[in-house]
Amino acid sequence: LTKLLFCLSVLVFMTALPFLYRSVRWQMQEVEAASRFSAVRLLTARLIVIAVGDICMLGCIFAATILKTSLRADSAVLYLCVPFLLVCGGCLFMLGHLPPKAFLGGSVGLCSFLLLLFAAMPGHWEVLFGQSLTAGWGAVCALLLGFCAEQFRYIVRDSLYTERQVA
């Protein structure tokens with residue numbers, strides 16, 4: 001169950017990748033850059049919608065886990081949050097620092113690596129995480145959330161996202 005929750009949290013984020021890459025795939029970057037809204041504002045709107053959808057999906061997975069299994073709520077939160085925030089932070093970093101065509105490959109590579117790591121690693125994850133959300137793991141989640149927020153801020157304020165879209 002632990003490995004399943006880890007993999008599901010990564011797969012939840014992977015559903016967002018086609019929406020982030022759509023304008024590059026259909027070569028609409030120049031049209032979006034010339035629109036009334038800037039490319040950064042369009043990306044911000046996409047990221048907000050994706051975040052709301054991902055939170056809803058993670059909430060449904062959490063509710064199903066609590067209702068249908070004997071896993072404690074704090075353990076389920078830990079098993080869903082750590083991998084999700086890890087992949088989210090990594091992909092936001094790539095979105096802000098890589099060209100759009102390299103973003104998709106890098107993001108899929110990171111997600112696939114984490115899926116393989118979580119699914120194929122021998123042993124029990126309970127030993128690694130201690131079956132509960134302790135103060136240490138809460139701090140790790142807070143640091144990962146802070147990293148995600150910093151990457152989002154970087155994309156909105158300092159990134160050359162617009163120039164990378166058109167180039």
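**Exercise 1. Burial and surface of the chain**

Determine what share of the residues in the protein chain of this predicted model is buried, and what area the accessible surface comes to.

*Solution.* Start with burial: of the 167 residues in the protein chain, 38% are buried. Turn next to the accessible surface of the protein chain, which comes to about 9200 Å², with 72% of that area belonging to carbon and sulfur atoms.

**Exercise 2. Secondary structure and contacts**

State how many helices and strands the protein chain holds, and work out what part of its contacts with a separation of 6 or more is accounted for by residues 24 or more positions apart.

*Solution.* Counting the elements gives nine helices and zero strands, and read from the N terminus their order is α-α-α-α-α-α-α-α-α. Among the contacts with a separation of 6 or more, 80% are accounted for by residues 24 or more positions apart. A pair that is distant in sequence can be examined alongside this figure: Val82, which lies in helix H5 (residues 73-97), is 55 residues from Trp137 in sequence, while the C-alpha atoms of Val82 and Trp137 are 8.4 Å apart in space.

**Exercise 3. Two nonpolar residues**

Decide for Phe113 and for Val82 whether the residue is buried or exposed, and identify which residues make the nonpolar surface patch of about 270 Å².

*Solution.* Take Phe113 first, a residue of helix H6 (residues 100-120): its relative accessible area is 52%, and because the cut-off for exposed is over 50%, Phe113 counts as exposed. For Val82 the relative accessible area is 9%, and since buried means under 20%, Val82 is classed as buried. The patch of about 270 Å² is made by Phe113 together with Leu117 and Met121.

**Exercise 4. Cysteines and disulfides**

Establish how many disulfides the model contains, and explain why Cys60 is without a bond to the closest cysteine sulfur.

*Solution.* A disulfide is a covalent bond between the sulfur atoms of two cysteines. The cut-off applied here is that the two sulfur atoms lie within 2.5 Å, and the resulting count is zero disulfides. For Cys60, the closest cysteine sulfur is that of Cys56 at 6.8 Å, which is too far for a bond. Cys60 is also exposed, with a relative accessible area of 55%. Cys148 is likewise in no disulfide, the nearest cysteine sulfur being that of Cys88, 4.0 Å away. In contrast to the exposed Cys60, Cys148 is buried, its relative accessible area being 7%.

How values were computed: Residues are numbered from 1 along each chain as its sequence is written. This is a predicted model: local features need pLDDT of at least 70, side-chain atom pairs count only at pLDDT 80 or more; totals for chains, interfaces and linings use all residues. Side-chain values use heavy atoms; hydrogens and water are left out. Helices (H or I, at least four residues) and strands (E, at least two) are DSSP runs, numbered from the N terminus. Buried means under 20% relative accessible area, exposed over 50%, partly exposed in between (1.4 Å probe, protein chains only). Contact means heavy atoms within 4.5 Å. Accessible areas come from the Shrake-Rupley method with a 1.4 Å probe; for residues, only the protein chains shown count as cover. Patches are made of residues with over 30% relative accessible area and no salt bridge: like charges are joined within 9 Å, nonpolar side chains (Val, Leu, Ile, Met, Phe, Trp, Tyr) within 5 Å. A salt bridge is a side-chain nitrogen of Lys or Arg within 4 Å of a carboxyl oxygen of Asp or Glu.
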